[in-house]
Amino acid sequence: MPVSPITFYFDFTSPYSYLASTRIEALAAKHGRGIEWVPILLGPVFAATGAKALVDQPIKGDYALIDIPRSARFLGVPYLHPERFPVVTYQAARVVIGLQREHPDKAAPWVHACFGAYFAHNRNISDMPVLHELARELGLEPAQVDAWCGDAQIKAQLKANVDRALQSGVCGAPFFVVDDEPFWGVDRLPQLDAWLTARF
């Protein structure tokens with residue numbers, strides 16, 4: 001009997017989503033699960049929950065600037081805090097959807113490329129020339145990236161992703177759902193691992 005994948009909701013502007021993206025594949029493989037990569041935009045999620053971006057929250061924002069690089073060091077993940085943070089990510093997210101539709105084998109590599117470019121190499125992924133460079137590095141044509149970013153169906157799918165996230169109780173990113181069990185945050189990955197093992 002086939003098992004359901006781990007649904008991974010993420011936004012490319014979320015550093016904790018970046019950290020989670022470096023761990024989720026190994027965890028999924030351990031339990032014989034696939035991954036459903038679901039790019040979303042945190043703006044509508046924040047609007048629905050009344051939250052703000054971390055950097056816009058007094059005290060908590062200052063703490064996050066300590067916690068994020070420390071968490072990266074703890075996980076052994078390269079991290080360089082971007083000069084521009086946060087940035088808009090709808091173009092990078094639309095490319096994920098385009099790849100899932102036409103070149104599904106390159107969707108996850110694109111996710112890793114965008115996260116690594118932004119959070120490890122300070123490349124501004126809100127700039128189309130940067131996305132074009134990342135596309136070339138993955139053997140994709142920049143013109144295809146432009147086409148996906150302007151595709152009405154892809155735009156609608158990204159909105160549908162956000163709507164689905166809200167209906168599923170997503171309150172931030174990264175957020176994972178497996179067998180209807182929700183987990184919020186990269187720090188919940190060990191708990192997700194244990195839950196898949198023991199269903200506590």
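Student: In this predicted model, at what angle do helix α5 and helix α8 pack, and how far apart are their axes?

Tutor: Angles from 65 to 115 degrees count as roughly perpendicular. Here helix α5, residues 90-102, packs against helix α8, residues 142-150, at about 100°, and their axes lie 8 Å apart. The two helices are therefore roughly perpendicular to each other.

Student: Which residues in α5 and α8 meet?

Tutor: From α5 come Q91, R94, V95, G98, L99, R101 and E102, and they meet Q144, V145, W148 and C149 in α8. By character, the residues of this contact comprise 5 nonpolar, 3 polar and 3 charged.

Student: C149 belongs to that contact. How many disulfides does the structure hold?

Tutor: A disulfide is a covalent bond between the sulfur atoms of two cysteines. The structure holds 0 disulfides. The cut-off for such a pair is 2.5 Å between the sulfur atoms. For C114, the closest cysteine sulfur is in C149, at 9.8 Å, which is too far for a bond. Seen from the other side, C149 is likewise in no disulfide, its nearest cysteine sulfur being that of C114.

Student: Is C114 buried or exposed, and is C149 buried or exposed?

Tutor: Buried means under 20% relative accessible area. C114 has a relative accessibility of 0% and so counts as buried. C149, with a relative accessible area of 9%, is buried too.

Student: What does the secondary structure of the chain come to, and in what order do the elements run?

Tutor: The chain has 10 helices and 4 strands. Read from the N terminus, the order is β-α-α-β-α-α-α-α-α-α-α-β-β-α. The radius of gyration is 16 Å, close to the 16 Å that the globule rule gives for 200 residues, so the chain is as compact as a globular protein of that length.

Student: What does the C-alpha trace span along its principal axes, and what percentage of the residues is buried?

Tutor: The C-alpha trace spans about 50 × 45 × 35 Å along those axes. Of the 200 residues in the chain, 47% are buried. As for contacts between residues at least 6 apart in sequence, 72% join residues at least 24 apart.

Student: To take a single residue, where is the place of S17, and which residues is S17 in contact with beyond its neighbours in sequence?

Tutor: S17 is in helix α1, residues 15-21. With a relative accessibility of 0%, S17 counts as buried. Once neighbours within four places in sequence are set aside, the contacts of S17 are F8, F10, D11, F115, A173 and P174.

Methods: Residues are numbered from 1 along each chain as its sequence is written. This is a predicted model: local features need pLDDT of at least 70, side-chain atom pairs count only at pLDDT 80 or more; totals for chains, interfaces and linings use all residues. Side-chain values use heavy atoms; hydrogens and water are left out. Axes are lines fitted to C-alpha atoms, for helices over the stretch in contact, and angles run from 0 to 180 degrees between N-to-C directions. Angles under 35 degrees count as roughly parallel, over 145 as roughly antiparallel, 65 to 115 as roughly perpendicular and the rest as oblique. Contact means heavy atoms within 4.5 Å. Ala, Val, Leu, Ile, Met, Phe, Trp, Tyr, Cys and Pro count as nonpolar, Asp, Glu, Lys and Arg as charged, and the others, Gly among them, as polar. Buried means under 20% relative accessible area, exposed over 50%, partly exposed in between (1.4 Å probe, protein chains only). The radius of gyration is taken over C-alpha atoms; the globule rule is 2.2 Å times the number of residues to the power 0.38.
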